[in-house]
Every structure is written in C-alpha cells, then in structure tokens.
Amino acid sequence: PRGLSTCSGESAAADLRAALQGLNGPMAEVMAKLESGQQDLSSTRMRLQLVEQALSQESAAKEAATASAIQLRSELDKAQDRLCELEGTTVAQQQDIVQLKDEVVTRTESKLHLWQELERLQEVKRNALASWHPDGAADTCPACRCDFSLTRRKHHCRACGLLFCDECANYFVSIASSAEPQRACRYCDRLIRTMRAQSTAK
C-alpha cells in the first residue's frame, strides 16, 4: 500500500507539472497582450498630452486674438471719436469762414454806403456854398416868419446856407467842411441826424 501511495503522488505531481506547462502558452499570450495594452495606453497618453498641449496653445492663441481684437476695437473707437472731433472742428471752422465772409460783405457794404454818404454830404456842401444867401437876401426868418431886427439877428445855416433867426438856427451839427460843430437850422439838424442814425443802423 505504501508503494501505491508513492506512485499516486508522483503521478499527481506529473499531472500538475503538465497542467502548468499547458498554462505557460496562454499565460504568455496574456502577458503579451498586457504588454501590448500597456504600450497602447502609453501611446494614447502621449497622444492625449499632445492634444492637451495643442488645445492649450489654441486656447492661448484664442485669448491672445480676443485681447488683440479688444485692443483694436478700442483703437477703432478712439479713431472714430477723433474723426468726429475733427469733423466738428471742420464744421466750426467752415461756419467761422462763412461768418467772416458775411462780416467782410457787411463791412464792404457799410464802407460803400459811407463813401456814398460822404459824396452826398460833399454834394450838400457844394450846394450849400452855391446857395449861400447874402445877409441882405432875406428880411424874415423862413422858419418862424418873424422879421429880422437888431434884437432878432440873422444867422446862416452852415448846412443849407439860408438865413434864420437865432432861435430857429440854434442847432449845432458836425459837417464835412469843419472839424467843429457848426450852426444849423432845425430842418438840416433833423435831416443830418436822421441820415446818420440810418447809416449806423445799417
């Protein structure tokens, strides 16, 4: 019986060794597949790192592009504001030019009017000198119809040359022939003042 037990033990050990040897092939395949899987995993990790790097670079580029776009927009807004300011300045300058032109035209017209007024006053002066009445040409004042006498003296109107009494020729106006105000009748005083007021109003 002891011999039989020994044989049975050896047979079982041989069977176990045979079974283990039979497992070596599948185990090798499993190990090979495991190694291949690890290599694939490592390759996938590397690709994932590259993708993450690319995404990071793309994100950085996107952020840089966004910042650049914001800066360009700000510069564009400033340029538009400057353009509007320049357009406003140009409009104001054009308005100033138009106003200056209007002033030149107005002053030119005023100067022309003054020249015409001067010529007319000179004509009045020439007419006054031509119509200067001598002292004996009138016995009564043409304004109040009172007779001249020793107490009601005659006075020449320096504008029209006619003879008036002191009361009717008690006006003094500036005329072209004299630097000082000269005696004038009330008609010439009113006429000269009205013409000067109209000239000033224009």
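**Exercise 1. In the protein chain, state what share of contacts between residues at least 6 apart in sequence join residues at least 24 apart, and give the order of the elements.**

Solution. Of the contacts in the protein chain between residues at least 6 apart in sequence, 37% join residues at least 24 apart. The model is predicted. Next, count the elements: the chain has 2 helices and 4 strands. Read from the N terminus, they run α-β-β-β-β-α. As for burial, 13% of the 202 residues are buried. The chain exposes about 16,000 Å², and carbon and sulfur atoms supply 57% of that area.

**Exercise 2. Decide whether R183 is buried or exposed, and find which backbone oxygen its side chain reaches.**

Solution. Start with the location: R183 belongs to strand 4, residues 182–184. Its relative accessible area is 19%. The cut-off for buried is under 20%, so R183 is buried. The side chain of R183 then reaches the backbone oxygen of A169 at 3.0 Å. A169 also appears among the residues that R183 touches beyond four places in sequence, together with H155, H156, C157, R158, D166, N170, Y171 and F172.

**Exercise 3. Identify the residues with the most contacts inside the largest nonpolar core, and list the contacts of F164.**

Solution. The largest nonpolar core has 18 residues, and those with the most contacts inside it are C141, F148, C157, F164, C168, C188 and I192. Two or more residues of this core come from each of strand 2 (163–165) and helix 2 (186–201). Now take F164. With neighbours within four places in sequence left aside, F164 is in contact with C141, P142, A143, F148, R153, K154, H155, C157, A169, C185 and Y187.

**Exercise 4. Classify C146 by its relative accessibility, and give the separation of its C-alpha atom from that of C165.**

Solution. C146 sits in the loop between helix 1 and strand 1 (154–156). Its relative accessibility is 27%. Partly exposed covers values between the 20% and 50% cut-offs, so C146 counts as partly exposed. Along the chain, C146 and C165 are 19 residues apart, and their C-alpha atoms are separated by 8.0 Å. Beyond four places in sequence, C146 is in contact with D139, T140, C141 and R152.

**Exercise 5. Name the residues that make the nonpolar surface patch of about 390 Å², and classify M31 by accessibility.**

Solution. The patch is made by M27, V30, M31 and L34. M31 is placed in helix 1, residues 2–130. With a relative accessibility of 48%, M31 counts as partly exposed.

Terms used:
Residues are numbered from 1 along each chain as its sequence is written. This is a predicted model: local features need pLDDT of at least 70, side-chain atom pairs count only at pLDDT 80 or more; totals for chains, interfaces and linings use all residues. Side-chain values use heavy atoms; hydrogens and water are left out. Buried means under 20% relative accessible area, exposed over 50%, partly exposed in between (1.4 Å probe, protein chains only). Contact means heavy atoms within 4.5 Å. Accessible areas come from the Shrake-Rupley method with a 1.4 Å probe; for residues, only the protein chains shown count as cover. A polar contact is a pair of N or O atoms within 3.5 Å; within protein, one must be able to donate a hydrogen and the other to accept it, and residues adjacent in sequence count only if both atoms are side-chain atoms. Patches are made of residues with over 30% relative accessible area and no salt bridge: like charges are joined within 9 Å, nonpolar side chains (Val, Leu, Ile, Met, Phe, Trp, Tyr) within 5 Å. A salt bridge is a side-chain nitrogen of Lys or Arg within 4 Å of a carboxyl oxygen of Asp or Glu. A nonpolar core is a set of buried Ala, Val, Leu, Ile, Met, Phe, Trp, Tyr and Cys residues joined through side-chain atoms within 4.5 Å.
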